[in-house]
Amino acid sequence: MLVYNDALKKMPGNNDLLYARALMAEKVDRLDILIADLQTVLKTEPDNAHAMNALGYTLADRTDRLKEAQKYIFRAIELLPDDPAILDSMGWVKYRLGDFETALHYLRKAYSLMPDPEIAAHLGEVLWSTGDTEAATSLWQRVLAEHPEHPVLQETMQRFGIEAAAE
C-alpha cells in the first residue's frame, strides 16, 4: 500500500495506480480505500467495465450492498458481455440475492469461457445450495486435482465439509 500511496503522491489521479491500489486494499481488508479508489476511477472513466466489476464484486462478496453491486456488474456486462470475470460476478451477486437459477446461468457461462478455480468454487457453491451436492462435490474435486493450492477453492470446500479426494 505504501508503494501505491507514494506513487499516487507523485502522480495524483492516475487511474491505473488507483485501480491497482484498490485491488491491494481488498487484500489488506481496507474496503474503504477500495471503494473510494474505484469510485474515483469511475468518475473519470465511467465506462471502465473492469473497475465496475471489481467494485460490484467486492460489494457483493464483502458487504450487504447487493443491489448497488448488481447495478455496477450489470453495467459492466453491458460493456463486456462475454467477459468471464464479469459473468462470474453477476452469478455471485445473483446467488447472494437468492436467485439461484439466474446465478447458475451466469456461472456456467463464465466457467465454460474460462474454467478458473474461483469460478468453479462459486459454481459449486450455488450447485450445493440448490441441492445438487453431488455435482458440486464432483466439480470441486476435479478442479482441486488441477489446482491443489487454490485458496478460494480450498476455503469453499472446507466451509461445506468436503475433503480432498485421495490420490
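Asp32 is partly exposed, with a relative accessible area of 46%, and it pairs up with Arg30 in a salt bridge. That is one entry in a total of 10 salt bridges, and keep in mind that everything here comes from a predicted model. Besides the charged pairs, there is a pocket of about 670 Å³, the largest one, plus five aromatic pairs.

**Salt bridges out in the partly exposed range**

- In the Arg30–Asp32 bridge, the closest N and O atoms sit 2.7 Å apart.
- Arg30 has a relative accessible area of 38%, so Arg30 falls in the partly exposed class, between the 20% and 50% cut-offs.
- Asp32, at 46%, lands in that partly exposed class too.
- Arg75 and Asp47 make another salt bridge, again with 2.7 Å between the closest N and O atoms.
- This one reaches across distant parts of the chain: Arg75 belongs to helix H5 (residues 66–79), while Asp47 is in the loop between H3 and H4, 28 residues away.
- Arg75 itself is partly exposed, at 29% relative accessible area.

**A buried bridge, and what surrounds Asp37**

- Arg21 and Asp37 form a salt bridge whose closest N and O atoms are 2.7 Å apart.
- Arg21 is in helix H2 and Asp37 is in helix H3 (residues 31–44), so the pair ties together parts that are 16 residues apart in sequence.
- Both partners are buried: Arg21 has 15% relative accessibility, and Asp37 has just 5%.
- Why does Asp37 count as buried? Its relative accessibility is 5%, and buried means under 20%.
- Setting aside neighbours within four places in sequence, Asp37 touches Leu18, Arg21 and Ala22.
- Leu55 is 18 residues from Asp37 in sequence, and their C-alpha atoms are 9.5 Å apart in space.

**A charged network**

- Glu26, Asp29 and Arg62 are joined in a network of salt bridges.
- Glu26 turns up again at the largest pocket, as one of the lining residues nearest its centre.

**The largest pocket**

- If you're after a cavity-like feature to look at, the largest pocket holds about 670 Å³ of space.
- Its lining has 28 residues, and those nearest the centre are Glu26, Tyr57, Asp88, Glu118 and His122.
- Which helices each supply at least two lining residues? They are H2 (15–27), H4 (49–62), H6 (84–96), H8 (117–129) and H10 (151–159).
- H4 gives the largest share of that lining, with seven residues.
- Sorted by class, the lining splits into 11 nonpolar, seven polar and 10 charged residues.

**Aromatic pairs**

- The structure has five aromatic pairs.
- Trp140 and Phe160 make a tilted pair, with 5.5 Å from centre to centre and 40° between the planes.
- Those two rings come from distant parts of the chain, with Trp140 in helix H9 (residues 133–146) and Phe160 in the segment after H10, 20 residues apart.
- Trp140 is buried, with a relative accessible area of 0%.
- Elsewhere, Trp92, Tyr95 and Phe100 form one aromatic cluster.

Technical notes: Residues numbered from 1 in each chain as written. Predicted model: local features only at pLDDT ≥ 70, side-chain atom pairs only at ≥ 80, totals over all residues. Heavy atoms only, no water. 1 Å grid on protein atoms, 1.4 Å probe; cavity = no way out; pocket = protein on both sides within 12 Å on 5 of 7 lines; lining within 4 Å. Points joined across faces, edges and corners; volume = space filled by probe spheres on them. Helix = DSSP H or I, 4+ residues; strand = E, 2+ residues; numbered from the N terminus. Nonpolar A, V, L, I, M, F, W, Y, C, P; charged D, E, K, R; others polar. Salt bridge = Lys/Arg side-chain N within 4 Å of Asp/Glu carboxyl O. Buried < 20%, exposed > 50% of the residue type's maximum accessible area, 1.4 Å probe, protein only. Phe/Tyr/Trp six-rings, centres within 6.5 Å; stacked < 30°, edge-to-face > 60°. Contact = heavy atoms within 4.5 Å.
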